[in-house]
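Reader: Could you take me through one part of this model up close, a spot where the backbone does something unusual? Then carry on from there into whatever sits on either side, and keep it informal.

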Amino acid sequence: MKKSEITFIRLMSLALIMVINAAVLLFFVGEHTFQNILNRMNSNVYDGDTLDTSIYNYYFYAGFGSIYKIIFPITILLLVTAAVCVYKKVSMASRLSIVANISAFITGALLLFARITESSKGVHIFINSFYMNKSDIGNIQTVQLMSRIPIAYILVMVLSVLGLLMVKSSTITKLKIYNDKMAYNNAVIYIFPALSGFIILEVIRNLVISRVVMLSSDEYIQTVAGYIQDYYIGSKFYFNWSWLIIFTIVTCVAIVLNNNNKLMIIEIAVFSIIVIIPSVIYAFNPPSLFGYLTTDNTLCDLTEAAFVWYLVRMSVSLITGIIFIVLVVNERINIKCMYIIAGTLLVLSLVMLIVAGLNRASLSVMYMLCAVADVIGVIVLAVTGLRTLS
């Protein structure tokens, strides 16, 4: 067998290992590993000996979950995009593959560490100290609610190590086609639109909204936010996905269809329709609230109105991210231009959210303001993209 054939097999093996690792994380570990435990605790499926015991353990899983919900989608983005870039012979795929496997190892290690320290009172005390005064923490009775046999966590780590070894044996770090920094296409740059969209549109803005809600003295807005987050969204397929998972799919398709104007427009249109259709269906078929969680008609009306605007905000924000990704991957706007537009969009939406919070606006208004900011961003992106096509 020729050396070139051996190298090709090893490169495809590297891509396959990363795809398998991503599949294990998605289907055997899951994005909501810690959130599912918290949901069951809230539903009294798990009963501690005392209320304090339940609170301490709740904070333990909430602490790990707050980290996991950030690194999990980032790991999926890195693994899947790196695999596609290796297959498509995209420049800098070697560096992306290294980072992807390291990220996957860290994700597996975090899960395994959480599983091992479930019975550690010291770790419980450390994590609980972020949620309450350390002096207020009493006797902790630990529980074990994660997988008894953490095979999937260990498998993720093993596959990550195999991926790193395959990076070395495939000599991808020495092949010119994978290491040309001046190449027209660049795997490292390809991940930034999706990552930035996730951080700006989902993480930061949701954090600001949650802080405004927590600081509000209006019990109605706090209850509405809880209903939407837990009852409407928390356990619903597709709607409880991290937006970065959707952005990952868009990124990989954009890489495969790179530099085709007609396919670029079709991709934006198709993914926009895919985002809009489930939102419209769900908007007309929300779960019953009256008689299930409350008998307050005013609270029901506020929740239903806010939920419609949540879906509008979600759809517009995802479409904004999709346009960012497609334009950058297809070299219609450069990364600096993208950051200028994204930064302006972030500042605009945060200013409006803070002003809305100071004026005690409803949750519907907050979601509406985010949607308005994103519509402005879509218009600017559309104008920028059309100029490059002309």
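Author: Quick bit of vocabulary before we zoom in: a helix here is a DSSP run of H or I at least four residues long, and helices are numbered from the N terminus. Also keep in mind that this is a predicted model.

Now to the spot itself. Go to E331, which sits in the loop between α11 and α12. What is odd about its backbone? E331 has a positive phi, about 60°, even though it is not a glycine. As for the surroundings, E331 has a relative accessible area of 34%, so it counts as partly exposed, the band between 20% and 50%.

Step back from that loop into α11, which covers residues 297–329. Two rings there are worth a look. F307 and Y310 are 3 residues apart in this helix, or about one turn. Their rings form a stacked pair, with 6.5 Å from centre to centre and 10° between the planes. Are these two buried or exposed? F307 has a relative accessible area of just 1%, so it is buried, and Y310 counts as buried too because its relative accessibility is 7%. The pair also belongs to something wider: F307 and Y310 are members of one aromatic cluster, along with Y231, Y232, F237, Y238, F239, W241, Y282 and Y367. Across the whole structure, the search turns up 18 aromatic pairs.

Now leave the E331 loop the other way, into α12, residues 335–358. Its partner for our purposes is α7, residues 187–215: the two axes come within 10 Å and cross at roughly 5°. Angles under 35 degrees count as roughly parallel, and therefore α7 and α12 are roughly parallel to each other. Which residues touch? On the α12 side they include I335, M338, Y339, A342, L345 and L346, and across from them α7 brings in, among others, I189, F192, P193, I200 and L201. Sorted by class, this contact has 17 nonpolar, 3 polar and 1 charged residues.

For a companion to the loop we started with, jump back to K89, in the loop between α3 and α4. K89 has a positive phi as well, near 55°, and is not a glycine either. With a relative accessible area of 40%, K89 is therefore partly exposed.

You can leave this loop both ways too. On the α3 side (residues 51–87), find Y68, which pairs with F34 of α2 (residues 33–42), 34 residues apart, so the pair links distant parts of the chain. This one is edge-to-face, at 5.4 Å centre to centre with 75° between the planes, and both F34 and Y68 are buried.

On the α4 side (residues 93–116), the helix to look for is α1, residues 3–29. Their axes come within 11 Å and cross at roughly 30°, and α1 and α4 are therefore roughly parallel to each other. The crossing of α1 past α4 is left-handed. L14, M18, N21, L25 and V29 of α1 meet S97, A100, N101, A104, T107 and L111 of α4. By class, that comes to 7 nonpolar, 4 polar and no charged residues.

Technical notes:
Residues are numbered from 1 along each chain as its sequence is written. This is a predicted model: local features need pLDDT of at least 70, side-chain atom pairs count only at pLDDT 80 or more; totals for chains, interfaces and linings use all residues. Side-chain values use heavy atoms; hydrogens and water are left out. Axes are lines fitted to C-alpha atoms, for helices over the stretch in contact, and angles run from 0 to 180 degrees between N-to-C directions. Angles under 35 degrees count as roughly parallel, over 145 as roughly antiparallel, 65 to 115 as roughly perpendicular and the rest as oblique. Contact means heavy atoms within 4.5 Å. Ala, Val, Leu, Ile, Met, Phe, Trp, Tyr, Cys and Pro count as nonpolar, Asp, Glu, Lys and Arg as charged, and the others, Gly among them, as polar. A crossing is left-handed if the near helix is turned anticlockwise from the far one by less than a right angle, and right-handed if clockwise. Rings of Phe, Tyr and Trp (its six-membered ring) pair if their centres lie within 6.5 Å; planes under 30 degrees apart count as stacked, over 60 as edge-to-face and the rest as tilted. Buried means under 20% relative accessible area, exposed over 50%, partly exposed in between (1.4 Å probe, protein chains only).
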